[in-house]
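Please read the following points with the model open beside you, and find each part as it is named. The notes are meant for a first reading and go slowly from one region to the next.

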Number of protein chains: 2
Amino acid sequence: MTSQGVTPQSEDYARWYTDVVQKADLADYAPVRGCMIIKPYGYELWENIQGALDRRFKATGHKNAYFPLLIPMSFIHKEAEHIEGFAPELAVVTHGGGKELEEPLVVRPTSETMIGHAFAEWIQSYRDLPLLINQWANVVRWEMRPRLFLRTTEFLWQEGHTAHATKEEAQEETMRMLDTYADFAINEAAIPVIKGLKSTQEKFAGADDSYSIEAMMGNKWALQSGTSHNLGQNFSKAFDIKFLDENNDLQYCFTTSWGVSTRMVGGIVMAHGDDKGLRLPPRLAPIQVVVIPIFKTDEQKNLVLETIGGVRESLITAGVRIHVDDREGLTPGFKFNDWEMRGVPLRMEIGPRDVKAATVVLVRRDVSGVEGKQSVQATELVSTVTRLLDEIQANMLAQATAFRDVNLHEAASYDDLKEIVKDGWALIPHCGTPECEDRIKAETKASSRCFPLDLNEEWYPKGVTCSACGKPAQGRAYFARAY
Amino acid sequence: MTSQGVTPQSEDYARWYTDVVQKADLADYAPVRGCMIIKPYGYELWENIQGALDRRFKATGHKNAYFPLLIPMSFIHKEAEHIEGFAPELAVVTHGGGKELEEPLVVRPTSETMIGHAFAEWIQSYRDLPLLINQWANVVRWEMRPRLFLRTTEFLWQEGHTAHATKEEAQEETMRMLDTYADFAINEAAIPVIKGLKSTQEKFAGADDSYSIEAMMGNKWALQSGTSHNLGQNFSKAFDIKFLDENNDLQYCFTTSWGVSTRMVGGIVMAHGDDKGLRLPPRLAPIQVVVIPIFKTDEQKNLVLETIGGVRESLITAGVRIHVDDREGLTPGFKFNDWEMRGVPLRMEIGPRDVKAATVVLVRRDVSGVEGKQSVQATELVSTVTRLLDEIQANMLAQATAFRDVNLHEAASYDDLKEIVKDGWALIPHCGTPECEDRIKAETKASSRCFPLDLNEEWYPKGVTCSACGKPAQGRAYFARAY
């Protein structure tokens, strides 16, 4: 146990994760099995994630809407792969208004079916296309092995749903949103995700092709952090989403869907956290700067708090999210640990000597020891803080990228893969068949994460065979332990 | 039918409402009985409502959090009045993950129980108080007579939940949030709501006292548009929400809850709409200014659209929400009607003559005929538009206030009340007993709306008796037909 009561990562990573999520007040388990309560600090992080994504969706022409939580059971059955994939995870409402329902209703596990039904009514002609919709919502998928944020029976997410006139446009949209997710992950969450195509085994139930962004966690496991699906005409045929084209011919639409969930919060915890707790990227941190007043006498206290008042105003004006920890009865040392646990990027200490010298002390969360600490003239405070927040953001991405890169390996053979996936990600030429993936998983606990786009672009697997089974390779795929 | 296919208000107000909601693309019925699909235009209006409320909640120290959708049935039973009130409206999940559940789960109709459970864990001492939490969420209450936005089985809302050390603080919070709602309704939605105390009959199931803001709709019916409840110690006793006070004595907390829902959208439609469709207050309107290009030749079209491009940029820079309707194949007249239907506060027309004269034509949605129309020099466009939007906002509030005031009446007797509530609101000294209200409702279809705060402050009902039953009056109450 560390001083804050957090299990060290090296001792038990899973326990470390749960400790940090609970002690940093992000979330806690709910009295309903598999569900969680997102506490204010965790929810504010989620609000910042929402804001950063929503801006990107709107900038690319998408509009938000809202569709019902409860879906007729018959809808879920309309697309064959879809029901097969989701049947084991459904929560079912059988009674409403004091009576047993004629047809049970499913609490939405995802909304392709309900939105497919709506799109069929909304779309008449090619003039209605593309239709670009997003929904912020809760969904329920029965979860046997729940973990806060990573796997919960109910979670919050956004689900984009679009309809297009051609296959090419649907594919462009699928890739545009994958790129949007990667841009968000890299530039807001400071997580250097890898974009790639999912294998048949790992794709969405009902998609032609699924793509994902895959992130490496601190224990080198993978976290699928966002997905973008080209649904082809599967749902348009199941729900009769048709349009009259320019020649007045009736055609089925091509649809896509894509989602990022509260799972992203877990990803941020595990991509950046250390034994002291969270480390939050400044762009998403609910609090970017925490101020700890330091004093002994009441006179000093008044002096220090007055100075802090001015500092606070000037930083708020500069758009910095700042919090002054003026709690009584707690030592500065306790507060330092507490805010390190909560991952605040920058700590400011102001004591009587600082007031006299017109300086403040700034301490970075991303750099330990004396190197992370500096005294700054009050006159340069605002410019220094904004510069440091940018530096911390960039440094966290650089740290995560360096960590990822030393743990990505090309496996020379299947035996090599077996060794690598004990503590890293292994790239192999891979057949992409479910049977082969089942075997790899059974033997190594690793699953195929994706066929990374940038490593397959210039790579032609002609004549190359799968390292695991010897069948012709579909491309090069990463394998890793995964959440 | 009007030209846009909307039933006139005078012919059938209920039909007018549904026509407008559907034709203005705010929402539509879903394939699940009682549920609705909120379309992008309606959702954007809701997002603006959310933004205006959320700013106010945060400015008064509240923090957002998120609690589970699914609540154990046993929770709902812990507060006696609560289960009695909500039992007939519950949707119940009996199966999850392919199995029948040991204990059924309720889809939350409201979250006092789940949040009460959490508060009991979060609160230890007086230092944890007040605890000020808000949740944005969906809730489900089985609805037998659904109406878009006004009564739907699922609706979106915010629910505030707070805990306090004293009864006085809980009452202060209850009134602060009632005032917050009134401030929002008046200054953002341009609806002159009346704040008041609900009668025993109309209060929330589990509250000591409920307060509401009541709005007058265009047909003079009342719409309860937001509620704020002082829950006393009812839920803290049911869920064991206790704290150690400064003397180290264990005490039950006093709690409050308060909510505004998507019902507010219906209120905006009915408080301001006319036979041409919606009229949206500029502060909440998704589109504040719509620009209609007018041209005949391609040359004129290029000229006009180029000018519009510049106009659009300058208004966006000024923070105006503007949309250019450059749809092909539709006449300007069709577009005028279409955007009147959608309630856009200000229409801008730009044709070749305007371009030559460096003018634009502005047409107000809130003032009919030539009085609402003016030609403006391009150099003064931005200042004129921002001024006009403010004027429209103020004028809509003034119009709604004038309409309300001529339809509020003091009833001299119960017979007088019977006449008044056919087409207005009647104020009477009232006993506040459920039996009396049942009788009034049966005989007049009117229900007690509230004991308005400002009409009861200086009014002492000593010796005054209820106009309807002759029992001692509790105060003066409004009666009206209500949604």
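**Notes on a predicted two-chain model**

1. Helix H9 of chain B, residues 298-317, has 20 residues and reaches 29 Å from its first C-alpha to its last, which is close to the 28 Å expected at 1.5 Å a residue. This is a predicted model, and the values in these points should be read with that in mind. Just after the helix comes Gly319(B), whose phi is positive, near 85 degrees.

2. Which residues of H9(B) are buried? They are Val304(B), Thr307(B), Ile308(B), Val311(B) and Leu315(B). Seen down the axis of H9(B), these buried residues fall within an arc of 110 degrees, so they line one face of the helix. The face turned away from that buried side carries exposed residues, among them Asp298(B), Glu299(B), Asn302(B), Glu306(B) and Glu313(B), and it also carries Ile316(B).

3. The cover over the buried residues of H9(B) includes four strands of chain B, namely S15 (289-293), S16 (322-324), S17 (346-350) and S18 (359-364), together with helix H11 (352-357) and helix H12 (381-406) of that chain.

4. Helix H6 of chain A, residues 167-187, has 21 residues and reaches 30 Å between its first and last C-alpha, close to the 30 Å expected at 1.5 Å a residue. Its buried residues include Ala170(A), Met177(A), Leu178(A) and Phe184(A), and Glu173(A), Thr174(A) and Thr180(A) also belong to the buried set. Among the elements that cover the buried residues of H6(A) are helix H2 (40-59), strand S8 (154-164), strand S10 (209-216) and strand S14 (254-261) of chain A.

5. In helix H1 of chain B, residues 13-23, the buried residues are Trp16(B), Tyr17(B), Asp19(B), Val20(B) and Val21(B). They pack against strand S1 (27-29) and helix H8 (263-272) of chain B. H1(B) is followed by Asp25(B), whose phi is positive, near 60 degrees.

6. How are the two chains related? Chain B can be laid on chain A with an RMSD of 0.0 Å by a turn of 180 degrees and a shift of 0.0 Å along the axis. The two copies are thus related as by a two-fold rotation axis. The same surface serves both copies, since 100% of the contact residues of chain B recur in chain A. Of the residues of chain B, Val93(B) comes closest to the rotation axis, with its C-alpha at 2.1 Å.

7. Thr94(A), in strand S5 (residues 91-96) of chain A, has contacts in both chains once its neighbours within four places in sequence are left aside: Glu100(A), Leu101(A) and Pro104(A) in chain A, and Val92(B), Thr94(B) and His95(B) in chain B. With 17 C-beta neighbours inside 10 Å, Thr94(A) counts as partly exposed. The C-alpha atoms of Thr94(A) and Pro104(A) are ten residues apart along the chain and are separated by 4.9 Å.

8. Is Pro109(A), in the loop between strand S6 (99-107) and helix H5 (112-122) of chain A, buried or exposed? Pro109(A) is buried, because 21 other C-beta atoms lie within 10 Å. Apart from its neighbours within four places in sequence, Pro109(A) is in contact with Phe86(A), Glu89(A), Leu90(A), Val139(A), Val140(A) and Arg141(A).

9. A second loop residue, Leu150(B), is found between strand S7 (131-140) and strand S8 (154-164) of chain B. Leu150(B) is buried, with 22 other C-beta atoms within 10 Å. Beyond its neighbours within four places in sequence, Leu150(B) is in contact with Arg263(B), Gly266(B) and Tyr483(B).

10. The largest nonpolar core has 286 residues, and of these Ala426(A), Phe479(A), Ala426(B) and Phe479(B) touch the most other members. With its neighbours within four places in sequence left aside, Phe479(A) has contacts that include Leu417(A), Val421(A), Trp425(A), Ala426(A), Ile428(A) and Ile440(A), and Ser447(A), Ser448(A) and Arg449(A) are also in contact with Phe479(A).

11. Finally, the domain assignment of chain A gives domain 1 (13-272), domain 2 (289-388) and domain 3 (410-480). Taken over C-alpha atoms, the centres of domain 2 and domain 3 of chain A are separated by 49 Å.

How values were computed
Residues numbered from 1 in each chain as written. Chains lettered and ligands numbered in written order. Predicted model: local features only at pLDDT ≥ 70, side-chain atom pairs only at ≥ 80, totals over all residues. Domains from an automatic or database assignment. Least-squares fit on C-alpha atoms with pLDDT ≥ 70 in both. Contact = placed C-beta atoms within 7 Å. Core = buried A, V, L, I, M, F, W, Y, C linked by C-beta atoms within 7 Å. Buried ≥ 20, exposed ≤ 12 C-beta atoms within 10 Å, placed from the backbone. Helix = DSSP H or I, 4+ residues; strand = E, 2+ residues; numbered from the N terminus. Expected span 1.5 Å × (residues − 1). Arc of directions from axis to C-beta.
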